[in-house]
Amino acid sequence: MTESLDHRFTKFLLEAQALKFGEFTLKSGRKSPYFINAGAFNDGRKIAALGAFYAEKIAAEIEAGNLPNDIDTIFGPAYKGIPLGVSTAIALTSDHGMEVGYTFDRKEKKDHGDGGMMVGTQLADGMKVLLVDDVMTAGTAVREVIPKLKAEANVEVIGLVLSVDRMEKTKDSDTSAVKAVEAEFGFPVFAIANVKEIFEAGQHIQNADGTPYVTPEIKAAADAYLEQYGA
C-alpha cells in the first residue's frame with residue numbers, strides 16, 4: 001500500500017529533526033508543545049527532498065484543478081523562502097516537466113549592478129506567481145510580500161503553498177490564519193500536511209528503538225493546545 005503524502009512528509013520531518021517536541025514560545029507569544037524548524041533543512045539532500053514534496057503537492061493541486069498548469073514563477077520570500085522557491089522550481093522542472101522560474105525579494109533595494117528588489121525571474125504584468133513559505137502563524141509574511149509583488153508588476157498571485165498548516169486561529173478571531181489569508185487576498189492556500197495529519201502519522205512512525213515518535217503524552221499535549229488555539 002502506497003503511503004500518503006502527509007505520512008511520507010511527516011516521516012521526512014522527523015528524520016530531518018525538523019519536527020521538535022517540548023515547549024516552544026512562538027512569535028505570537030503562544031507556548032506550543034511542538035515546533036517546525038525550517039533551519040533543519042540544512043544540506044543538499046534535505047532541501048532537495050523538501051522541494052520535491054512542495055512540487056508533488058503543487059502537481060497534485062494542478063491535477064485537481066485547484067491551480068493553473070501555466071505557473072510562471074515560484075516566489076519565496078526572503079530569507080527562509082529563498083531555498084524553498086529555488087528547490088521547488090528545480091523539482092517541478094526535473095520531476096514534473098514544468099518550465100517554471102523562481103523569484104525572491106531583497107530585504108533592501110540594490111542600487112548598483114542589475115539593481116532592483118527582485119532576484120531571479122523578473123516580474124512582468126500578467127505573470128502567474130505561486131508563493132511558497134514554511135509555516136503560517138498569523139499571515140504576516142504574506143501581507144508584507146503582496147505589496148512588494150504588486151509594486152513590481154501587475155502579477156496574478158494564484159496561491160500559496162506551505163509545508164505545514166498549524167490550524168490555529170488568529171489572535172483576534174476564531175478564523176484560522178489560512179482561512180483569513182484566503183478571504184483577504186482571494187487565492188487558495190495549500191499545505192503539504194496539517195498538524196492533525198502529522199500527529200496522526202507520527203503515532204505510527206517508530207524511533208530506532210521501536211517506540212512511536214508521537215507518544216500518548218505528546219499527542220495529549222498537542223490535542224490540548226489545539227483545543228485552546230485551534231480554528
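Start with the largest pocket: 30 residues line it, and Lys27, Lys80, Asp134, Val135 and Ala141 are the ones nearest its centre. Keep in mind as you look around that this is a predicted model. The space in this pocket comes to about 670 Å³. Several parts of the fold chip in, with S2, strand S4 (101–110), S6, H4 and S7 each supplying at least two lining residues. Helix H4 has the largest share of that lining, at 6 residues. Sorted by class, the walls hold 15 nonpolar, 6 polar and 9 charged residues.

Now on to the second largest pocket, which has about 190 Å³ of space. Its lining is made up of Asp165, Met167, Ser176, Val178, Lys179, Val189, Phe190, Ala191, Ala193, Asn194 and Ala231. Two elements, H5 and strand S8 (189–194), give two or more residues each to that lining. Strand S8 takes the largest share, with 5 residues. In class terms, this pocket's lining splits into 7 nonpolar, 2 polar and 2 charged residues.

What about space that is closed off? Rolling a probe the size of a water molecule over the atoms shows where empty space is left. Searching the whole structure for cavities of 30 Å³ or more turns up 2. The largest has about 40 Å³ of space, and around it sit Pro77, Leu131, Val132, Asp133, Ala141, Val142, Val145 and Leu160. Strand S6 (128–136) and helix H4 (140–152) are the elements that give two or more residues to this lining. Ala141 is worth a second glance, as it lines this cavity and also belongs to the residues nearest the centre of the largest pocket. The cavity's lining counts 7 nonpolar residues, no polar ones and 1 charged.

The second largest cavity also has a volume of about 40 Å³. Its walls come from Met136, Thr137, Asp165, Arg166, Met167, Glu168 and Ala177. Here the lining divides into 3 nonpolar, 1 polar and 3 charged residues. Asp165 and Met167 turn up both in this lining and in that of the second largest pocket.

Next, the packing. In soluble globular proteins, nonpolar side chains tend to be buried together. In this model the largest nonpolar core has 48 residues, and Phe9, Ile58, Ile71 and Ile74 make the most contacts inside it. Helix H2 (residues 44–63) is the main contributor to this core, giving 7 residues. Click on isoleucine 58 and, once you set aside neighbours within four places in sequence, you'll find it in contact with Leu67, Ile71, Ile74, Thr88, Leu92, Leu130 and Val161. A separate core of 22 residues lies apart from the largest one, with Met136, Ile146, Ala177 and Val181 among its members. Of these, Met136 and Ala177 have already come up as lining residues of the second largest cavity.

Serine 163 makes a good stop on the way, sitting in strand S7 (residues 156–165). Is serine 163 buried or exposed? It counts as buried, because its relative accessibility is 5%, and the cut-off for buried is under 20%. Leaving out residues up to four places away in sequence, serine 163 touches Phe9, Tyr54, Asp133, Asp134, Val135, Ala191, Ile192 and Ala193.

That leaves the charges. Side chains of opposite charge can pair when their charged atoms come close. The whole structure has 12 salt bridges. One of them brings together the side chains of glutamate 168 and arginine 30, at 2.7 Å from N to O. This pair ties together distant parts of the chain, 138 residues apart: glutamate 168 is in the loop between S7 and helix H5 (177–185), and arginine 30 is in the loop between strand S1 (19–25) and strand S2 (31–36). Both ends are tucked away, with glutamate 168 buried at 3% relative accessibility and arginine 30 buried at 11%.

Glutamate 61 and lysine 57 form another salt bridge, their closest N and O atoms lying 2.9 Å apart. They are 4 residues apart in helix H2, so about one helical turn separates them. Both of these residues are buried. Back at glutamate 168, salt bridges with shared partners join Arg30, Arg166 and Glu168 into one network.

For a contrast in exposure, look at glutamate 3 and lysine 11, whose side chains meet in a salt bridge at 3.2 Å, N to O. Glutamate 3 is partly exposed, with a relative accessible area of 33%, and lysine 11 is partly exposed at 27%.

How values were computed
Residues numbered from 1 in each chain as written. Predicted model: local features only at pLDDT ≥ 70, side-chain atom pairs only at ≥ 80, totals over all residues. Heavy atoms only, no water. 1 Å grid on protein atoms, 1.4 Å probe; cavity = no way out; pocket = protein on both sides within 12 Å on 5 of 7 lines; lining within 4 Å. Points joined across faces, edges and corners; volume = space filled by probe spheres on them. Nonpolar A, V, L, I, M, F, W, Y, C, P; charged D, E, K, R; others polar. Core = buried A, V, L, I, M, F, W, Y, C linked by side-chain atoms within 4.5 Å. Buried < 20%, exposed > 50% of the residue type's maximum accessible area, 1.4 Å probe, protein only. Contact = heavy atoms within 4.5 Å. Salt bridge = Lys/Arg side-chain N within 4 Å of Asp/Glu carboxyl O.
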